[in-house]
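Ready for a few hands-on exercises? Have a look at the sequence and the fold, then try each task before you read its solution.

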Amino acid sequence: MGLANDTTTAQLSKLVDEAKRYYQLEKRCLGLHGAEKLTVLLSSITLWAVVLLVGFLVTLFAALALSFWIGKLTGSIILGVGAVAALLLIVGLIVYARRQAWIEEPIARFMAELMVPGDEDNTTVAAAMQEGGAQ
């Protein structure tokens, strides 16, 4: 009876040690997975910040050039600047009206693909994220 009890205790001790090791490895894997996702997210944010900054500067200088050109054609710089301001306001209103399709949904899809790997149809996850954000 003592031998069977010693064997069971040794096996149980080995099982507990393996469970501890598994837990430590799982914790490390989860940390590495989180670091990978955070790296992808931060690099995407950085890339888009640079793209938006460059796009803003290009738009600014193009708007200035267009306003001076229109001002030269009409003989009034104020009219040229006003026309370009009106054009930019219209573009801004169009973007605002289409913000869900052009901004929110692509971000939701990106986050769903980033956070839920291996899901072939992340549109359902993105839709659930949209509904959760809209409430």
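Below are four short exercises on this predicted model, each with a worked solution.

**Exercise 1.** Work out which kinds of secondary structure the chain has and in what order they come.

Solution. Start by counting: the chain has four helices and zero strands. Then read along from the N terminus, and the order is α-α-α-α.

**Exercise 2.** Find out how much of the chain is buried and what its exposed surface is made of.

Solution. Begin with the cut-off: a residue is called buried when its relative accessible area is under 20%. Of the 135 residues in the chain, 10% are buried. Now turn to the outside: about 10,900 Å² is exposed, and carbon and sulfur atoms supply 71% of that area.

**Exercise 3.** Describe the largest pocket: its volume, its lining and the chemistry of that lining.

Solution. First, the volume: the largest pocket holds about 370 Å³ of space. Helices α1 (2–74) and α3 (99–115) are the elements that give two or more residues to its lining. Next, pick out some names: the lining includes Leu41, Ile45, Trp48, Trp102, Ile103 and Phe110. Ser44 is one of the lining residues too. Finally, sort the lining by type, and you get 11 nonpolar residues, one polar and no charged.

**Exercise 4.** Track down the salt bridge and say how exposed its two partners are.

Solution. Recall the general idea: side chains of opposite charge can pair when their charged atoms come close. The structure holds one salt bridge. Its partners are arginine 99 and glutamate 104, with 4.0 Å from N to O. Now check each partner: arginine 99 is partly exposed, because its relative accessible area is 34%. Glutamate 104 has 33% relative accessibility, so this residue counts as partly exposed as well.

Note on methods
Residues are numbered from 1 along each chain as its sequence is written. This is a predicted model: local features need pLDDT of at least 70, side-chain atom pairs count only at pLDDT 80 or more; totals for chains, interfaces and linings use all residues. Side-chain values use heavy atoms; hydrogens and water are left out. On a 1 Å grid over the protein atoms alone, a cavity is a set of points where a 1.4 Å probe fits but cannot get out, and a pocket is an open set with protein on both sides within 12 Å along at least five of seven lines; lining residues have an atom within 4 Å of a point. Grid points are joined across faces, edges and corners, and a volume is the space filled by probe spheres set on the points. Ala, Val, Leu, Ile, Met, Phe, Trp, Tyr, Cys and Pro count as nonpolar, Asp, Glu, Lys and Arg as charged, and the others, Gly among them, as polar. A salt bridge is a side-chain nitrogen of Lys or Arg within 4 Å of a carboxyl oxygen of Asp or Glu. Buried means under 20% relative accessible area, exposed over 50%, partly exposed in between (1.4 Å probe, protein chains only). Accessible areas come from the Shrake-Rupley method with a 1.4 Å probe; for residues, only the protein chains shown count as cover.
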